[in-house]
There are 2 protein chains.
Amino acid sequence: MNGEYRNTIDEKGRLMIPPRLREQLGNVSELMLTKSTDNSLWLFTKADFQELDAAVNYGPLAMFNKHSRVLDLTVIAPAREAELDKAGRLSIPQVLREYAGLEPKTECVILGSRNHVEIISASAYDALMEEYRTQVGEAGNALSEQRM
Amino acid sequence: MNGEYRNTIDEKGRLMIPPRLREQLGNVSELMLTKSTDNSLWLFTKADFQELDAAVNYGPLAMFNKHSRVLDLTVIAPAREAELDKAGRLSIPQVLREYAGLEPKTECVILGSRNHVEIISASAYDALMEEYRTQVGEAGNALSEQRM
DNA sequence: TCATGAAGTGGTAAAATTTCCCAAAAAAGA
DNA sequence: TCTTTTTTGGGAAATTTTACCACTTCATGA
């Protein structure tokens, strides 16, 4: 999934997902919306989310595993079922809106990334990009060494 | 089970469990409420709790196994039967309230996680998240190595 | 024994929010 | 330009939340 788009949250807390991204999500109606790790939100198809959930919470005693618990409480547990209305809009529950700083009328960036859509306020996005652009070189070197 | 919600304990020590989570608990009336590992509480259906109990206390000699005993005494043994009233409210026994720092009028976070609901005071939650968010990268790496 | 009151339990009605849907407006494509 | 698709806004219905009230139980002391 790819593509960067911008849109504003309307007065009712809804965000329009561009048709291209809807299509890439498979025009599926069952979605999951959750917190990411950077004050942004991630939107998955339910199937993809469940795969992630299963990988994090593996086995009946996962709740006692520190690593599982960290990922579960930060990313998996906060997830909410979501779907797009007939006009392709996503309504974002209040807890998630607050986490991502998405008050009504906020401009935000909508990014297609691999198996999910990332939703982030424009201001948080700009700040994040400023930080990440300084790290691109380093990240690229480190990753390519790991893989070769 | 998924979803994050916030609510306050009422003057009588009761906490309203949001309809979405009630539904995910299967609208069952027989529940078990117990201590978790982080000054929070876990709410299970009786069936799921028994499953956990069985996983922790495996075999007739579990009581001699140090690990079983640790988990049993900290998490399984303190469990109390619980049920929700017609308005979906949970009354929390005093011992458990004290463990989790949940006095009346305390704001708390209610999280659906896998097969249970986690109940934690808002202040404890914020502290925990601050800690956990710094550990997400590490946890993700550790888990993905284990699983591959 | 009975009145009193505190603490817990159960319920209701109104207010606020969310969800769902429709239709007009705008944009895009032919 | 005309048709089709997309976007925006708003209204109505349904749900959820809040605030409040009534009742039971239990302990106390007159």
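Reader: In this model, which residues is B:I119 in contact with, once its neighbours within four places in sequence are left aside?

Author: In this predicted model, B:I119 is in contact with B:L15, B:S40, B:L41, B:L43, B:A100, B:C108 and B:I110, leaving aside its neighbours within four places in sequence. These pairs are called contacts because their C-beta atoms lie within 7 Å.

Reader: What makes B:I119 stand out in the largest nonpolar core?

Author: That core has 67 residues, and B:I119 is one of the four that touch the most other members, the others being A:L33, A:I119 and B:L43. Helix α3 of chain A, residues 66-76, gives the most to this core, with 5 residues.

Reader: Why is A:S144 called buried or exposed?

Author: A residue is called exposed if 12 or fewer other C-beta atoms lie within 10 Å of its own; A:S144 has 9 such neighbours, and therefore counts as exposed. A:S144 has its place in helix α6 of chain A, residues 136-147, and its C-alpha is 29 Å from that of A:Y5, a residue 139 places away in sequence.

Reader: What makes up the side of chain A that touches chain B?

Author: In all, 20 residues of chain A are in contact with 24 residues of chain B. On the side of chain A, the elements that give two or more residues are α2 (46-56) and α3, and α3(A) gives the most, with 8 residues. By class, this side divides into 13 nonpolar, 5 polar and 2 charged residues.

Reader: How do you know whether the copies meet through the same or different surfaces?

Author: Only 15% of the interface residues of chain A are also interface residues in chain B, so the copies meet through different surfaces. As for their placement, chain A can be laid on chain B with an RMSD of 0.6 Å, by a turn of 30 degrees and a shift of 12 Å along the axis.

Reader: Which residues surround DNA strand D, and how does the surface near that strand divide by class?

Author: From chain A, DNA strand D is surrounded by A:D10, A:M16, A:P18, A:P19, A:A87, A:G88 and A:R89, and from chain B by B:N7, B:M16, B:P18 and B:P19. The surface near this strand has 7 nonpolar, 2 polar and 2 charged residues.

Reader: What classes of residue does the surface near DNA strand C have?

Author: The surface near DNA strand C has 6 charged, 4 polar and 2 nonpolar residues. Among the residues that surround this strand are A:K12, A:D85, A:K86, B:K12, B:D85 and B:K86, which count as charged because Asp and Lys belong to that class.

How values were computed: Residues are numbered from 1 along each chain as its sequence is written. Chains are lettered from A and ligands numbered from 1 in the order in which they are written. This is a predicted model: local features need pLDDT of at least 70, side-chain atom pairs count only at pLDDT 80 or more; totals for chains, interfaces and linings use all residues. A nonpolar core is a set of buried Ala, Val, Leu, Ile, Met, Phe, Trp, Tyr and Cys residues joined through C-beta atoms within 7 Å. A residue is buried if 20 or more other C-beta atoms lie within 10 Å of its own, exposed if 12 or fewer, and partly exposed in between; C-beta atoms are placed from the backbone. Helices (H or I, at least four residues) and strands (E, at least two) are DSSP runs, numbered from the N terminus. Two residues are in contact if their C-beta atoms, placed from the backbone, lie within 7 Å. A residue is near a molecule or strand if its C-beta atom, placed from the backbone, lies within 6 Å of it. Copies are superposed by least squares on the C-alpha atoms of residues with pLDDT of at least 70 in both.
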